[in-house]
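Here is a model to read at the bench. Which parts deserve a careful look, and which call for caution?

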Amino acid sequence: MKLAVVVQRYGPAVRGGTEGQARYVAEHLAQHADVEVLTTCAASASTWANEFSAGSETLNGVQVRRFRVSAPASASTRARHADRVFTQTHSIADELQWLEACAPLSSSLLRHLRKNASAYDFCLFYGYRSAITYYGSYAVASKAILIPRVESDPSIGTRIFADMFGNVRSILFDSPEERSLVQTVCAGRSMSNAVIGAGVDVPQSPQPGRFRQKRNIRGPFAIYIGPMDGESGTDLVRLFARYAKEASSGLSLVLVGEGSGSVGAVANHPRIKRAGVLDDTDKFDAIAAAEAVIVPSRFQSFSRTALESWALGKPVLANGESKALTGQCVRSNGGLCYRNADEFVGMLQALEQNRWLNAALGRNGRQFVRDHYDWKVVGSKYHDMLMKLQNDRSKDAGASMPGWFARRRRDVSPSTETTRSVA
Amino acid sequence: MADFNVRADSVNVEQIMEQIRARIREKRGVDYTEAEIQQLATGRLEKFIDPHNVRSDLLQEFHRVRAASDAPDPSEEVIDESVLFETHRPWLRSLRKVLRPILKLFLNTKALAALSLRAKAEVSRRSRDQLTFELLHNLVVEMTRLGVEVKNLSMRVESLQGRLEFNERRARALESVVVYKPSEAETTDSVSRAPMRDARPVAEFRPRADVQTGAGQTEASGGGAPVPGGSEGPGQRSRRRRRRRGRRGGGMQGPGGGMPGGMPMTGSSPAPAAPADEATTVAPEPEQPAHEASAPESNGGGSDTDLDPQ
């Protein structure tokens, strides 16, 4: 069986949950099938510069084929398109313009897909908010398997994604909450799907002392791994400042990740330390050294950071506004969720002061990862799904993209309204 | 959440989170989210806007203002319609001036000018109303927030009061444990006289400095020489015991000195405070060492089982 893994960015140095998941699955599937990764030359999701050279290479036993990506739109253009799509009645063409402005297109990659579609049995598209995924899934609709990693942000209410979800051969979800959200968006459309997720590879014996020594960090701390420019990072710093005010001698906060915008401006707190971007070894050392891992994202459907912390036996403190994260914490019994500042303080204090609770949650999380996200489990789910799809030829041809006039008809309601109605 | 504790073999995250949330609610009082505060504020504002629910004359005032703004402006009579023909271009102004009589044949320019002025006034009024509305809204939000805060603070005051009362009770209980170290001779004497009742070791009881000095001073002022340690006579001890009992009985009856929160007195009920002249006629009790006498008192007056922290 020959599989194509299509993802916007790929490589060991590339950060991002979707990209990490694609790499994990590609590397593991490569042991059982002929896997080729189709990706762009970009490494950063903010600049989209062609940092890697185009062409083929082999990374960790996986064949990787890179294509050049077009120049990204300016921030003002992105904002203009986003405003039109989210707040005004618009057309499908407006949504496509917004999508291409958010995540640039690689025409050469799409050409390759169309030309060599017959060479692949299935194409696994990672990440739904990508122009490559959208056009690629239409190019090889009968072979397209989408791993959307849907977030409950306003973009999920756009028409193009609802059409895309209904058009692909199958969808593999990371969590039941994600599936429920997509099913609500695609109300009335039948779609083959399964909840599979993806595991994590963590070292057997991380060295917490090494991280503390390297970064000169003493005392207990909680850790946040993720972008610092976004809303999540800023919110977390604000919440932690409140916690530090109430608990004068509690945990510190270590921020790991790139970005120096809004968080940089407010993170001059004596108990907030910035560790910058870490490689995988340092990251796992840092998680092992932490008392708890904080996942403050409101929209996330599946947190690989949470999985990594559970795999290392550490509890998670997640944002309770994310239904998917709350579901994960409850199912695993491995983390607590907060819904406001008071709860953040209360939960963090509970994790800090009750070592038994901390250890019990970590143990539960580790067991949850072993039971559901070990490659043996995930791999067998992938195998079953692919075999089932190969034997089932009922949906060979997908629908075509909307025509010229259909794309330009201004009858799509604002995405924010749609999201609000399905939330 | 310092007192949050889990010791079960298996944890239930939902249960733990609910416990923490309950504790937060307990600590903070009513746990309103920002959205709930907004909802509360909206509710009040709706009540304010709805004329059926308004209980003050503020609505009438608003109606009066509206009526005043709706009424035709008296200055309308003196409106100058020339504003309709104003322009910054001189050639156009002169042309309009020439053509004005012809235009006036077709239009009521005075009415048009009045409408124009009223439209301007309406725009300004609407903007003012909008500002007023926003101001009111913000005030109501702040009031709601303050109301919640006041409620929380009152709950905290109640909590602090409870703690204070507890501390007072504890202090009183400790004070009631009047201890006294007898001399060796007296100990042997008391042991020989009441061997069955003195079950507790002597080493458990230690004299309290303040009680000793207080008693000594009282005795000294009464004419007797200050007697150290256990060399005081049986009459003095019984007098002191009566004084203590009387003080305790009086304290419990008084409004400020009673056991707070209606704490029941366990053990033997205390004797009512005897008048001073009656005290002299009280039949002498069988003589006991001080620690023997104090032991039941300490149990009855302020036993540890009564000291419920909250």
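The questions below take up this predicted model, starting with confidence.

Q: What ipTM does the predictor give the complex?
A: The predictor scores the complex in two ways. The pTM is 0.60. The ipTM is 0.79.

Q: Which helix of chain B has the highest mean pLDDT?
A: Chain B has a mean pLDDT of 62, and 37% of its residues reach 70 or more. Among its elements, helix H10 (residues 290–302) of chain B has the lowest mean, 39. The highest mean, 87, belongs to helix H4 (residues 90–106) of chain B.

Q: How many contacts beyond four places in sequence does the model have for residues 250–310 of chain B?
A: Treat this stretch by its confidence first: pLDDT stays under 50 over residues 250–310 of chain B. Residues 1–8 of chain B also have pLDDT below 50, with 19 contacts beyond near neighbours in sequence. For residues 250–310 of chain B, the number of contacts beyond four places in sequence is 74.

Q: How many strands does chain B have?
A: From the N terminus on, the elements of chain B run α-α-α-α-α-α-α-α-α-α. That pattern comes from 10 helices. The number of strands in chain B is zero.

Q: What percentage of the residues in chain B are buried?
A: Take contacts in chain B between residues at least 6 apart in sequence: 76% of them join residues at least 24 apart. Burial is a separate count, made over the 310 residues of chain B. Buried residues make up 8%.

Q: Which residues touch the most other members of the largest nonpolar core?
A: Nonpolar side chains tend to be buried together in soluble globular proteins. Here the largest nonpolar core has 129 residues. The residues touching the most other members are A:Val5, A:Leu124 and A:Ile223.

Q: Which domains of chain A each give this core at least three residues?
A: The core draws on two parts of chain A. Each supplies at least three residues. They are domain 1 (2–199 + 375–422) and domain 2 (208–372).

Q: Which residues does A:Leu124 contact, leaving aside its neighbours within four places in sequence?
A: A:Leu124 is one of the residues that touch the most other core members. Set aside its neighbours within four places in sequence. Its contacts are then A:Leu3, A:Ala4, A:Val5, A:Val6, A:Ile145 and A:Ile147.

Q: How are H8(A) and H11(A) oriented to each other?
A: The axes of helix H8 (residues 208–215) of chain A and helix H11 (residues 280–289) of chain A come within 7 Å. They cross at roughly 105 degrees. Angles of 65 to 115 degrees count as roughly perpendicular. So H8(A) and H11(A) are roughly perpendicular.

Q: Why is H11(A) largely enclosed by the rest of the structure?
A: Its buried residues include A:Phe284, A:Ile287 and A:Ala289. The cover over them includes H8, strand E9 (221–225) and helix H12 (304–311) of chain A. H11(A) is largely enclosed because the buried residues number seven of its 10.

Q: Is A:Trp48 buried or exposed?
A: A:Trp48 lies in the loop between strand E2 (34–40) and strand E3 (55–59) of chain A. Its phi is near 55 degrees, a positive value in a residue other than glycine. A:Trp48 has 20 C-beta neighbours inside 10 Å, so it counts as buried.

Q: Is A:Asn60 buried or exposed?
A: A:Asn60 is in the loop between E3 and strand E4 (62–67) of chain A. Its phi is positive, about 50 degrees, although A:Asn60 is not a glycine. It has 10 C-beta neighbours inside 10 Å, so A:Asn60 counts as exposed.

Terms used. Residues numbered from 1 in each chain as written. Chains lettered and ligands numbered in written order. Predicted model: local features only at pLDDT ≥ 70, side-chain atom pairs only at ≥ 80, totals over all residues. Core = buried A, V, L, I, M, F, W, Y, C linked by C-beta atoms within 7 Å. Buried ≥ 20, exposed ≤ 12 C-beta atoms within 10 Å, placed from the backbone. Domains from an automatic or database assignment. Contact = placed C-beta atoms within 7 Å. pLDDT = per-residue confidence, 0-100. Helix = DSSP H or I, 4+ residues; strand = E, 2+ residues; numbered from the N terminus. Axes fitted to C-alpha atoms, helices over the stretch in contact; angles between N-to-C directions. Parallel < 35°, antiparallel > 145°, perpendicular 65-115°, else oblique.
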